[in-house]
Amino acid sequence: APVAPSPHLTRVHAKPDTMFEKSIPAHDGGTLDIDLDTGGEIHITGTDDAKVTVNTSLAGPAWQGTTVELSEHDGEVRLESRFEPTSGPQQFDNTFTIMVPKHFNVRLQSAGGSVTISDVEGKFSGTTGGGSIGIDHAKGTASLATGGGDLRLPDSHLEGSIATGAGMTTLQKVTGKTAPLSAGRHQPPHYRGQRKRRSRSS
């Protein structure tokens with residue numbers, strides 16, 4: 001069934017070097033669903049606040065067609081970025097700095113960009129088309145992959161796998177059964193971009 005628009009929906013048509021902040025109430029055990037057609041650096045940090053706060057910086061030659069949406073439905077907070085193709089270069093320089101409750105799940109799909117997750121306990125899954133993955137002072141299960149980039153995993157307890165198509169792996173004080181995979185041992189899924197949005201049942 002169609003989902004009614006959230007009252008917390010934010011839609012921003014970005015200007016050069018646009019910066020903005022938006023918060024949505026959230027509680028421990030929820031999920032942050034990130035879906036970025038434009039890609040961008042993603043920095044996620046756990047806090048004691050009962051909300052998800054997104055600080056966004058948007059820039060790059062293709063800013064004219066950029067749209068960002070932040071919404072909430074049934075305990076799931078969703079961050080999306082889309083763009084309308086133009087005749088110019090499809091290049092973006094975006095950064096998403098996100099604060100979530102300390103017990104929160106993260107699911108992501110990004111065209112590219114580094115990902116860091118700090119001080120969060122939960123389930124972490126998804127892919128980025130390229131860029132480093134860093135997880136520190138975190139606990140839970142992981143199923144993450146990057147098309148290419150270093151893996152940095154300090155001071156965490158993780159089960160599952162974190163993989164890269166090419167890059168170095170650095171482990172420091174990591175417990176659990178997580179097995180980072182080095183270059184040549186992993187072929188990441190192709191990120192198609194501009195795909196159909198995932199449907200959610202009410």
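In strand 10, I117 is the bridge partner of I44; strands here are DSSP runs of E with at least two residues, while helices are runs of H or I with at least four residues, both numbered from the N terminus. The structure is a predicted model, in which local features need pLDDT of at least 70, side-chain atom pairs count only at pLDDT 80 or more, and totals for chains, interfaces and linings use all residues. Residues are numbered from 1 along each chain as its sequence is written, and side-chain values use heavy atoms, with hydrogens and water left out.

The pairing of I44 belongs to a parallel arrangement in which strand 4 and strand 10 (residues 115-118) share four bridges; two strands count as paired if DSSP finds at least two bridges between them. Strand 4 (residues 41-47) also pairs with strand 8 (residues 95-101), again in the parallel sense, over seven bridges. Within strand 8, I98 is the bridge partner of I44.

Turning to the chain as a whole, 15 strands and zero helices are found. Of the 202 residues, 47% are buried, where buried means under 20% relative accessible area, exposed means over 50%, and partly exposed lies in between (1.4 Å probe, protein chains only). The chain exposes about 9,900 Å², and carbon and sulfur atoms supply 51% of that area; accessible areas follow the Shrake-Rupley method with a 1.4 Å probe, and for residues only the protein chains shown count as cover. Among contacts between residues at least 6 apart in sequence, 54% join residues at least 24 apart, a contact being heavy atoms within 4.5 Å.

The interior comes next. The largest nonpolar core holds 34 residues, and I44, I98, I135 and I162 touch the most other members. Strand 14 (residues 151-164) gives this core its largest share, four residues. Such a core is a set of buried Ala, Val, Leu, Ile, Met, Phe, Trp, Tyr and Cys residues joined through side-chain atoms within 4.5 Å. Beyond its neighbours within four places in sequence, I135 contacts I117, L144, R152, L153, P154, S156, L158 and I162. Of these, L158 is found in strand 14 and counts as buried because its relative accessibility is 0%. The C-alpha atoms of L158 and A138 are 7.5 Å apart, with the two positions 20 residues apart in sequence numbering.

T97, in strand 8, offers another view, as its 31% relative accessibility makes it partly exposed. Setting aside neighbours within four places in sequence, T97 is in contact with H43, T53, V54 and N55. The C-alpha atoms of T97 and T53 are separated by 8.2 Å, although the two are 44 residues apart along the chain.

Charged pairs complete the picture. Nine salt bridges are found in the whole structure, each defined as a side-chain nitrogen of Lys or Arg within 4 Å of a carboxyl oxygen of Asp or Glu. D35 forms one with R78, the closest N and O atoms being 3.2 Å apart. D35 lies in strand 3 (residues 31-36) and R78 in strand 7 (residues 76-83), so the pair ties together parts that are 43 residues apart in sequence. D35 is buried at 1% relative accessible area, and R78 is buried at 3%. D35 also forms a salt bridge with R82, with the closest N and O atoms 3.2 Å apart. D33, D35, D37, E76, R78, E80, R82 and R107 are linked in a salt-bridge network.
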